[in-house]
Amino acid sequence: MSAEHTDAPRAVIVISSHVVRGSVGNRAAVFALEMLGFPVWAVPTVILPWHPGHGRATRIVPPLDQFKAMMADLERAPWLGEVGAVLSGYLGEAGQAEAVASLVSAIKARTPDAIYICDPVMGDKGGLYVPEPTAAAMRDRLMPIADIATPNRYELEWMAGAPLPDLKSTIAAALHAGPSTMLVTSAPSMMTGGTGNLLLNGSQALLAEHRLIDKPPNGLGDLTAAVYLARTLSGQPAVKALQSTTAAVYEILARTAKRGGDELQLETDAQSLSHPMAMVQLRHLTHPGRDRRA
């Protein structure tokens, strides 16, 4: 048994943006996964000197034919059996979605229980910040094949085509989004002055809440997806995975904000990834699907 466990696929392919300065996209996800013990194959979908929220800057998107060729190389890599999960985030253009889907299919053919987690990075409170065809490609091509998806509430609103002002509407939209497990960040909170991470799977509806911090740095969604994936790969049940993920990300956010940082300071707060001390409120909500089956 121990040999089987040791030989189990543990590498994660992370497909997202790369910034030179900052802790967003691949920079956040790769750091978190490696700190938590998972080897990472990192695929950049776009290269930027910094997050666009800090100001306009050069944007380098790999030519689509070259991006597809590199992904095809990964599909036939002799080490593909090492891979136990794929995490996709920000896409540089719509055409990249098909290459991501093809790679996921190849990995699942090799390792049927491999996990694909889709973080459909497309927008926030201000609306979409990717072209609509790119957002549509994530919604229509990647969300349907994902085992887990981690949209924020505003991304879920766009995919659902309706506002989600409360938990009831957010839960309903998440249940119809496609993936069997949905982790919705920036979800409505039952706590005054708070925000939540809403997790829905086939049998549970869970809400982990903490107080809202004004003007948070970017990268929280990228970090949440990576940490939740690591917890899942480590075998944590959904309740514990949600609570410890939310605590870790909130603790890093709060400490960064206290220092006045404009980027998540992951290297300073790396211990929070594995041993968070922050307290979060965890609520067990009524699962509409379970009510219908009763």
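What follows is a short tutorial conversation about reading a predicted model of one protein chain.

Student: Where do I start with the overall fold? What does the secondary structure of the chain come to?

Tutor: Start with the element count. Here the chain has eleven helices and eleven strands. Keep in mind that the model is predicted.

Student: And why would I call the chain a compact globule or not?

Tutor: Compare its radius of gyration with the value expected for its length. For 294 residues a compact globule would come out near 19 Å, and this chain has 18 Å, so the two agree. Along the principal axes, the C-alpha atoms fill a box of roughly 50 × 50 × 40 Å.

Student: How much of the chain counts as buried?

Tutor: Of the 294 residues, 51% do. As for the outside, the chain exposes about 13500 Å², with carbon and sulfur atoms supplying 54% of that area.

Student: What about contacts that are far apart in sequence?

Tutor: Take the contacts between residues at least 6 apart, then ask what share joins residues at least 24 apart; in this chain that share is 69%.

Student: How many charged side chains are there, positive and negative?

Tutor: There are 25 positive and 27 negative ones, and the centres of the two sets lie 5 Å apart.

Student: Which residues does the UniProt domain annotation cover?

Tutor: The unreviewed UniProt entry places "Pyridoxamine kinase/Phosphomethylpyrimidine kinase" on residues 83–260. In the model, that span is 44% helix and 21% strand, and its end C-alpha atoms lie 38 Å apart.

Student: Let's do a helix. Which residues of α5 are buried?

Tutor: The general idea comes first: an α-helix has 3.6 residues a turn, so residues three or four places apart point the same way. In α5, residues 132–142, the buried ones are T134, A135, A136, A137, M138 and L142.

Student: What do those buried residues pack against?

Tutor: A mix of helices and strands: β3, α4, β4 (115–118), β6 (127–128) and α6 (153–160).

Student: Now a single strand residue. Is I13 buried or exposed?

Tutor: Look at relative accessible area, where under 20% means buried. I13 has 0%, so it is buried. This residue sits in β1, residues 11–19. Setting aside residues up to four places away in sequence, I13 touches W41, V43, V83, A85, V86, L87, L103 and I107.

Student: And a loop residue, say G95?

Tutor: G95 lies between β3 (83–88) and α4 (96–110). With 22% relative accessible area, G95 is partly exposed. Beyond its neighbours within four places in sequence, G95 is in contact with L64 and K68.

Student: How does separation in sequence compare with separation in space?

Tutor: Take a pair and check both. G95 and A225 are 130 residues apart along the chain, with 23 Å between their C-alpha atoms. For I13 and D73, the figures are 60 residues and 13 Å.

Student: Last one: which backbone angles should I flag?

Tutor: Look for positive phi in residues other than glycine. S186 is one case, with phi near 55°. K215 is another, with phi near 50°.

Student: Where do they sit, and are they buried or exposed?

Tutor: S186 is in strand β8, residues 181–187, and is partly exposed at 27% relative accessibility. K215 is in the loop between β10 (205–211) and α8 (220–233), and counts as exposed at 84%.

Key
Residues are numbered from 1 along each chain as its sequence is written. This is a predicted model: local features need pLDDT of at least 70, side-chain atom pairs count only at pLDDT 80 or more; totals for chains, interfaces and linings use all residues. Side-chain values use heavy atoms; hydrogens and water are left out. Helices (H or I, at least four residues) and strands (E, at least two) are DSSP runs, numbered from the N terminus. The radius of gyration is taken over C-alpha atoms; the globule rule is 2.2 Å times the number of residues to the power 0.38. Buried means under 20% relative accessible area, exposed over 50%, partly exposed in between (1.4 Å probe, protein chains only). Contact means heavy atoms within 4.5 Å. Accessible areas come from the Shrake-Rupley method with a 1.4 Å probe; for residues, only the protein chains shown count as cover. Lys and Arg count as positive and Asp and Glu as negative; His and the chain ends are not counted. The place of a charge is taken as NZ of Lys, CZ of Arg, CG of Asp or CD of Glu. UniProt positions are given in the numbering used here, feature names are shortened, and annotations may be inferred rather than shown by experiment.
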